[in-house]
Amino acid sequence: MNSFQTLQLGEAELAAAGTHMLGLMRELYPICRSITGPGVRDTLAMVSRLAPLSMTEVPTGTRVFDWTVPKEWSISEAYLEHESGRRFAEFRHSNLHVVGYSVPIDVSMSLDQLRARIHTLPDRPDWIPFRSSYYSEDWGFCMSESERLALPQGQYRAVIRSSLYDGALTLGEYVHRGSSDDEVLVFAHTCHPSLCNDNLSGIVVAAELAAYLRGRSTRYTYRFVFAPATIGSIAWMAMNEARLDNIRHGLVLAMLGDSGPFHYHRSRSGTATIDRAAGAVLRSWHPDATAIDFSPWGFDERQFNSPGIKLPVGRLNRALTGQYPQEHTSADSLELMSANALAESWRTCLRVFEVLEGDRRYLNLSPKGEPQLGRRGLYRTTGGYYDGVADRQMGLLWVLNLSDGEASLLDIAERSGLEFGLLAQCARDLEAAGLLAPAHDKAH
Ligand code: ZN
């Protein structure tokens, strides 16, 4: 098995991953997903081509902590038909045209009566909004404001051929076994229909990460969970409560395909290793990134960080929820996505994993004065990746100086401001030269 080494990622491999993720997204895009139903299963079946998922079906009515698994929803057709026979807001053209979880309906009404059932975005007259009604039985249509304004007067027939029935909520899980039972949790929500940044980008980046880890040996066990937002993460936690203690670090992935800067949302403590690892990676590689403190109005990290669960889970995004206008509209489409952005998001996650994998404490075996490095040829990099000779020299000196068995490589990265991968390479080279040894009893 190959060991896990992000820095060996070449530009060709990066480009291939980006193309691959965008291709998968194109296939997933037309599927009508919701919090339950066949769209979620079809999505998970496609993800399974990259990393075989094990599926769990949680039956309708199951109590999961304070929640109850709702009915399953499926839909085959929906439209508004004018008395002339012309159809509008056809589901077959866009699954956003129907309010998610709409009950089945077949009624006639005037345009005036219909208005209360039609959702638009007057400020963005060409975009179709995404609306859902998961926890109350309702129905409705969504269309662009310009389409709505062009609806002819007269009688309409509103048809939604959907069904709500006792079924199940579907969770998908892929586990990459490491040498330790300690786990890294990666979570992506799966409940949005034809919307790309939220949530297909999270799904494809998580899937590509799982695919990358396959066949590589790691220290941590990586658990990828694909589930609907809120009810899905809660159901998964309720079903796996006994196992949650193994989770050491976690990351929720969403909105990773637009070309904006990264935003990292810290865990509840704000000082968890995952927060520090993400912080170190973004400082080194993406100085335009912003780290944001935890809020209970977040994505699924708010479930993982709830006081009775207390898992150190952060969230990586590019666009910020509530702050990109395309969110939950038809404009969150493939045009907003970039293969490069997806690839860079993927690599950023791998770099965070690299910190988690490589963060160790070492002991300087020649701690009296500075060992003579030039004599050992250590100023030349063996990895061949870093051209920055000065950084390399500083890295060797920082690792030697702080490796008293107390500071870990992540501590050294934070204190020195140097890139973690550079310090990890310095530590490997110093170890090979007999100047450094792992401080075994302090591993964490
Ligand atoms: Zn959303």
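Below is a short working chat about this predicted model, from its overall build to its zinc site and one of its strands.

User: Before I set anything up, how many helices and strands are in the protein?
Analyst: There are 12 helices and 21 strands. Keep in mind that this is a predicted model.

User: Okay, and what does the C-alpha trace span along its principal axes?
Analyst: About 90 × 40 × 35 Å.

User: What percentage of the 444 residues is buried?
Analyst: Buried residues account for 57% of them. As for the surface, the protein exposes about 18200 Å², with 49% of that supplied by carbon and sulfur atoms.

User: And among contacts between residues at least 6 apart in sequence, what share joins residues at least 24 apart?
Analyst: That share is 80%.

User: Charges next. How many positive and negative side chains are there?
Analyst: You have 43 positive and 52 negative side chains, and the centres of the two sets lie 3 Å apart.

User: Now the metal. Which residues coordinate the zinc ion?
Analyst: His-192 and His-328 each use NE2, and Asp-198 uses OD, at 2.0 to 2.1 Å.

User: How are those donor residues spaced in sequence?
Analyst: The pattern reads H-x5-D-x129-H.

User: Is His-192 buried or exposed, and why?
Analyst: His-192 counts as buried because its relative accessibility is 8%, and the cut-off for buried is under 20%.

User: What about Asp-198, buried or exposed?
Analyst: Buried too: Asp-198 has a relative accessibility of 2%.

User: Switching topic to strand S5, residues 72-82. Why is it described as largely enclosed?
Analyst: Because 9 of its 11 residues are buried, S5 is largely enclosed by the rest of the structure.

User: How many bridges join S5 to strand S10, and do they run parallel or antiparallel?
Analyst: 10 bridges join S5 to S10 (residues 155-165), and the two strands run antiparallel. For a concrete spot to click on, Trp-73 sits opposite Leu-164 in S10.

User: And how does S5 pair with strand S6?
Analyst: S5 pairs with S6 (residues 87-88) in the antiparallel sense, over 2 bridges. There, Glu-81 has Arg-87 of S6 as its bridge partner.

User: How many residues lie between S5 and S6 in that hairpin?
Analyst: There are 4 residues between them. One to look at is Gly-85 in the turn, which has a positive phi of about 100°.

User: Anything general about where side chains point in a strand?
Analyst: In a regular strand, side chains alternate between the two faces of the sheet.

Key
Residues are numbered from 1 along each chain as its sequence is written. This is a predicted model: local features need pLDDT of at least 70, side-chain atom pairs count only at pLDDT 80 or more; totals for chains, interfaces and linings use all residues. Side-chain values use heavy atoms; hydrogens and water are left out. Donors are N, O and S atoms within 2.8 Å of the metal (3.2 Å for Na, K and Ca); water is not among the atoms, so sites may look incomplete. Buried means under 20% relative accessible area, exposed over 50%, partly exposed in between (1.4 Å probe, protein chains only). Contact means heavy atoms within 4.5 Å. Accessible areas come from the Shrake-Rupley method with a 1.4 Å probe; for residues, only the protein chains shown count as cover. Lys and Arg count as positive and Asp and Glu as negative; His and the chain ends are not counted. The place of a charge is taken as NZ of Lys, CZ of Arg, CG of Asp or CD of Glu. Two strands pair if DSSP finds at least two bridges between them.
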